[in-house]
Number of protein chains: 4
Amino acid sequence: MDHDLAALTARLAAFADDRDWAQFHTPKNLVMALAGEVGELTAEFQWLTAAQSATIMTDDERGDRVRAEIGDVMIYLTRLAAVLNIDLIAAAHTKLDDSARRYPPDRVRGSADKAR
Amino acid sequence: MDHDLAALTARLAAFADDRDWAQFHTPKNLVMALAGEVGELTAEFQWLTAAQSATIMTDDERGDRVRAEIGDVMIYLTRLAAVLNIDLIAAAHTKLDDSARRYPPDRVRGSADKAR
Amino acid sequence: MDHDLAALTARLAAFADDRDWAQFHTPKNLVMALAGEVGELTAEFQWLTAAQSATIMTDDERGDRVRAEIGDVMIYLTRLAAVLNIDLIAAAHTKLDDSARRYPPDRVRGSADKAR
Amino acid sequence: MDHDLAALTARLAAFADDRDWAQFHTPKNLVMALAGEVGELTAEFQWLTAAQSATIMTDDERGDRVRAEIGDVMIYLTRLAAVLNIDLIAAAHTKLDDSARRYPPDRVRGSADKAR
């Protein structure tokens with residue numbers, strides 16, 4: 001298994017091309033697919049307490065479902081970013097740069113109001 | 001800027017620790033934060049046609065918003081996976097292995113019913 | 001079948017009480033359940049064109065799924081509003097009053113930028 | 001203020017017609033708008049404990065935001081149901097009939113696994 005984001009991006013493009021599915025992969029459709037998968041992931045956690053959610057991976061059945069849902073979310077997010085020509089990692093760092101400026105540690109420490 | 005997923009994961013952990021925010025980063029809360037950011041991303045595309053969505057990055061203002069929202073989604077997805085000790089890239093490949101088996105190219109080519 | 005929102009609200013409260021499920025119906029959990037159901041509803045539409053989405057109810061199988069998902073969304077929205085003591089219809093009208101002020105017909109007619 | 005669902009539905013249709021926005025109100029677009037608003041609602045609860053979420057309406061500022069977000073969700077859900085010619089209340093009761101059969105009180109009492 002290849003743990004590299006570029007390789008995953010390439011595999012997703014080939015997967016769509018092999019099935020002539022690129023025609024369905026408009027950004028609008030991919031955003032909806034991403035939202036649908038995040039909905040399924042959310043459902044896995046909806047009735048859990050905070051403590052139960054923290055140990056969910058110790059339950060084999062639930063853990064497998066969570067890993068699969070997170071895989072689906074990553075698939076659509078990676079594919080969406082590729083179609084939009086956005087660098088996922090760079091986009092995250094840019095937002096973090098911004099958050100680091102807006103939330104200096106000394107001012108927000110321990111406050112949920114500003115937690116990001 | 002570092003384009004490596006491990007470095008992003010480490011930066012997110014340090015960011016939370018510096019602000020004493022790890023206490024808020026239960027899987028349940030992070031899933032909600034992820035869902036909230038995906039909702040904002042969805043809103044950017046809600047009134048666009050498929051064609052408009054395909055050229056959204058040529059609009060500087062919209063393009064910047066989309067890049068920022070995707071950055072936020074990536075931040076929470078990466079942080080959630082770290083807290084759950086899930087390898088994001090491996091989880092995506094495992095799901096793709098499964099989809100490759102379930103959707104052989106010859107059987108599903110060009111069909112939206114099975115598009116993944 | 002009773003078509004009254006108050007009756008639905010009462011039925012949902014009795015349904016939860018009969019199963020001792022009110023303990024799980026915190027606003028936080030109900031919001032997650034609502035988000036999960038909206039995710040499933042979104043998935044029904046993700047690969048459809050705008051035109052296909054407009055005629056989805058003429059497909060018996062898809063139509064039944066959409067009706068069921070919308071039923072689920074309404075269930076959790078109604079239950080959430082009840083638990084928070086919010087009047088759903090009044091809350092919608094209040095937001096519409098605000099939108100009517102912000103988007104006068106003469107200024108926004110036919111513009112997707114402001115479509116609400 | 002009119003507390004009747006039919007009146008809200010009619011007001012939403014007139015609101016869209018007055019602005020020539022019905023053209024944007026395809027089911028696909030409205031589902032995305034609904035998902036976007038549910039995302040905003042989810043964000044209001046993401047860092048709260050279960051206990052904090054239960055008293056959120058006692059905080060005037062947060063309470064106003066939650067009421068406004070729930071109003072937005074209700075607006076898009078009502079409009080979507082109207083465009084699809086689905087009776088919201090009837091759809092909810094039909095799903096509840098089904099849940100009542102699948103989850104008899106004696107079998108599921110107090111179990112989060114089946115909580116609906």
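What rotation, and how much shift along its axis, superposes chain D on chain B? The answer is a rotation of 180° with 0.0 Å of shift, giving an RMSD of 0.0 Å (a least-squares fit on the C-alpha atoms of residues with pLDDT of at least 70 in both copies). That is the relation of a two-fold axis. In chain D, the residue that comes closest to this axis is D:Gly39, with its C-alpha at 2.1 Å.

A word on the ground rules: this is a predicted model, in which local features need pLDDT of at least 70 and side-chain atom pairs count only at pLDDT 80 or more, while totals for chains, interfaces and linings use all residues. Residues are numbered from 1 along each chain as its sequence is written, chains are lettered from A and ligands numbered from 1 in the order in which they are written, and side-chain values use heavy atoms, without hydrogens and water.

Here are the two interfaces of chain D, with contact meaning heavy atoms within 4.5 Å and buried area meaning the accessible area (1.4 Å probe) that two parts lose on being put together, summed over both.

| Interface | Residues in contact | Buried area | On carbon and sulfur atoms |
|---|---|---|---|
| Chain C and chain D | 73 of chain C, 73 of chain D | about 6,400 Å² | 73% |
| Chain D and chain B | 15 of chain D, 15 of chain B | about 1,300 Å² | 68% |

Let's start with chain D and chain B. Of the area that chain D buries against chain B, 46% is supplied by D:Met32, D:Gln46 and D:Trp47, more than any other three residues. Helix α2 of chain D (residues 27-45) gives the largest share of this side, 9 residues; helices here are DSSP runs of H or I, at least four residues long. The interface residues of chain D are also, at 100%, interface residues in chain B, so the copies meet through the same surface.

Polar links set the scene for chain C and chain D. The rule finds 4 salt bridges across their interface (a side-chain nitrogen of Lys or Arg within 4 Å of a carboxyl oxygen of Asp or Glu). One of them joins D:Asp97 to C:Arg11, whose closest N and O atoms are 2.7 Å apart. On the side of chain C that touches chain D, α4(C) gives the most, with 13 residues. By class, that side has 44 nonpolar, 14 polar and 15 charged residues; Ala, Val, Leu, Ile, Met, Phe, Trp, Tyr, Cys and Pro count as nonpolar, Asp, Glu, Lys and Arg as charged, and the others, Gly among them, as polar.

For chain D and chain B, by contrast, the rule finds 0 salt bridges.

Definitions and conventions: Helices (H or I, at least four residues) and strands (E, at least two) are DSSP runs, numbered from the N terminus.
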